[in-house]
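Let's walk through this structure together, one region at a time. Please keep the sequence and the 3D view side by side as you read.

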Amino acid sequence: MVSSTTPIVNTYPLSSYTFGTKEPKMEKDTSVADRLARMKVNYMKEGMRTSVEAIVLVQEHNHPHILLLQIGNTFCKLPGGRLKPGENEIEGLKRKLSSKLAANSTALQPDWQECKKLFLVHLSEREYFAVPKNLKLLAVPLFELYDNVQRYGPVISTIPQQLSRFQFNMISA
């Protein structure tokens, strides 16, 4: 039984959304070592890195799915990224969603530290997402993410547990 205080999340069919492409988003670094070196330099200049990422829910076959960006054939990530120093989290998330997906939704290690915040973004019934040509946008069912650290990493694989406190309202098209 769901208590009256359980938050409700409306999810709409994947078919309600429009998907297109845009110019490729090129990576800043050519290797993991280059990325780690750049992040260390940024940490020395700016301090702790703060990132925001969006949990974007849709439904397919009456099951909740999360939209993930796939880089190459194996690596998946949530849309979002690093905040500018002093930037508001919600405004930064809106900026990142707009730059990563052209989405205009009004919703929402080694030598350095990072503060990563995940936001559940409530989508309207219709949206347009423009995905860079070198990335794929996947709708991955929650049951596939559950405890699948090897494929999706430690953050994404725990999203089903984090969402277990919500009740999903599957809205048909």
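Leu-142 sits in helix α3, which covers residues 142-145. In this predicted model, is Leu-142 buried or exposed? Its relative accessible area is 12%, so Leu-142 is buried, given that buried means under 20%. If you look for a partner from further along the chain, try Leu-163: the two residues are 21 apart in sequence, and their C-alpha atoms are 9.3 Å apart in space.

A second contact across the sequence starts from a loop. Pro-79 belongs to the loop between β5 (75-77) and β6 (80-82). Although placed in a loop, Pro-79 has a relative accessible area of 1% and therefore counts as buried. Its C-alpha lies 5.6 Å from that of Ala-54, with the two positions 25 residues apart in sequence numbering.

Now step back to the whole chain. Five helices and 10 strands make up its list of helices and strands. The chain has 173 residues, and 39% of them are buried. Its accessible surface is about 10200 Å², with carbon and sulfur atoms accounting for 52% of that area.

What does the interior look like? The largest nonpolar core has 20 residues, and the members that touch the most others are Leu-67, Leu-93, Val-121, Leu-123, Phe-129 and Leu-137. Several elements give two or more residues to this core: β3, β4, α2 (89-101), β7 (114-121), β8 (128-132) and β9 (135-141). Which of them gives the most? That is β3, with four residues. There is also a second core, separate from this one, with 16 residues; Ile-66, Leu-120, Tyr-152 and Ile-159 are among them.

Phe-129, which we just met in the largest core, deserves another look for its aromatic neighbours. How many aromatic pairs does the structure hold? There are two. In one, Tyr-17 and Phe-129 are tilted, with ring centres 5.9 Å apart and an angle of 55° between the planes. In the other, Phe-19 and Phe-129 are stacked, at 5.5 Å from centre to centre and 20° between the planes. Phe-129 takes part in each pair, and Tyr-17, Phe-19 and Phe-129 form one aromatic cluster.

The members of this cluster are not equally covered, as their accessibilities show. Phe-129 has a relative accessibility of 2%, so it counts as buried, and Tyr-17 is buried as well. Phe-19, by contrast, has a relative accessible area of 38% and is therefore partly exposed, the class that lies between the 20% limit for buried and the 50% limit for exposed.

Two other residues of the largest core, Val-121 and Leu-123, lead us to an internal space. Both help to line the second largest cavity, along with Val-9, Asn-10, Leu-57 and His-122. This cavity holds about 30 Å³ of space. Which classes of residue make up its lining? Four are nonpolar and two are polar, and no charged residue takes part.

Let's finish at the loop between β3 (49-60) and β4 (63-71), where you will find His-61. Asn-62 lies in this loop too. Look at the backbone here: phi of His-61 is positive, near 55°, in a residue that is not glycine. Asn-62, also not a glycine, has a positive phi of about 65°. Are these residues buried or exposed? His-61 has a relative accessible area of 69%, so it is exposed. Asn-62, at 55% relative accessibility, likewise counts as exposed, since the class begins over 50%. The two strands that flank this loop, β3 and β4, are also among the elements that give two or more residues to the largest nonpolar core.

Note on methods
Residues numbered from 1 in each chain as written. Predicted model: local features only at pLDDT ≥ 70, side-chain atom pairs only at ≥ 80, totals over all residues. Heavy atoms only, no water. 1 Å grid on protein atoms, 1.4 Å probe; cavity = no way out; pocket = protein on both sides within 12 Å on 5 of 7 lines; lining within 4 Å. Points joined across faces, edges and corners; volume = space filled by probe spheres on them. Nonpolar A, V, L, I, M, F, W, Y, C, P; charged D, E, K, R; others polar. Buried < 20%, exposed > 50% of the residue type's maximum accessible area, 1.4 Å probe, protein only. Phe/Tyr/Trp six-rings, centres within 6.5 Å; stacked < 30°, edge-to-face > 60°. Areas by Shrake-Rupley, 256 points an atom, 1.4 Å probe, with all protein chains shown as cover. Core = buried A, V, L, I, M, F, W, Y, C linked by side-chain atoms within 4.5 Å.
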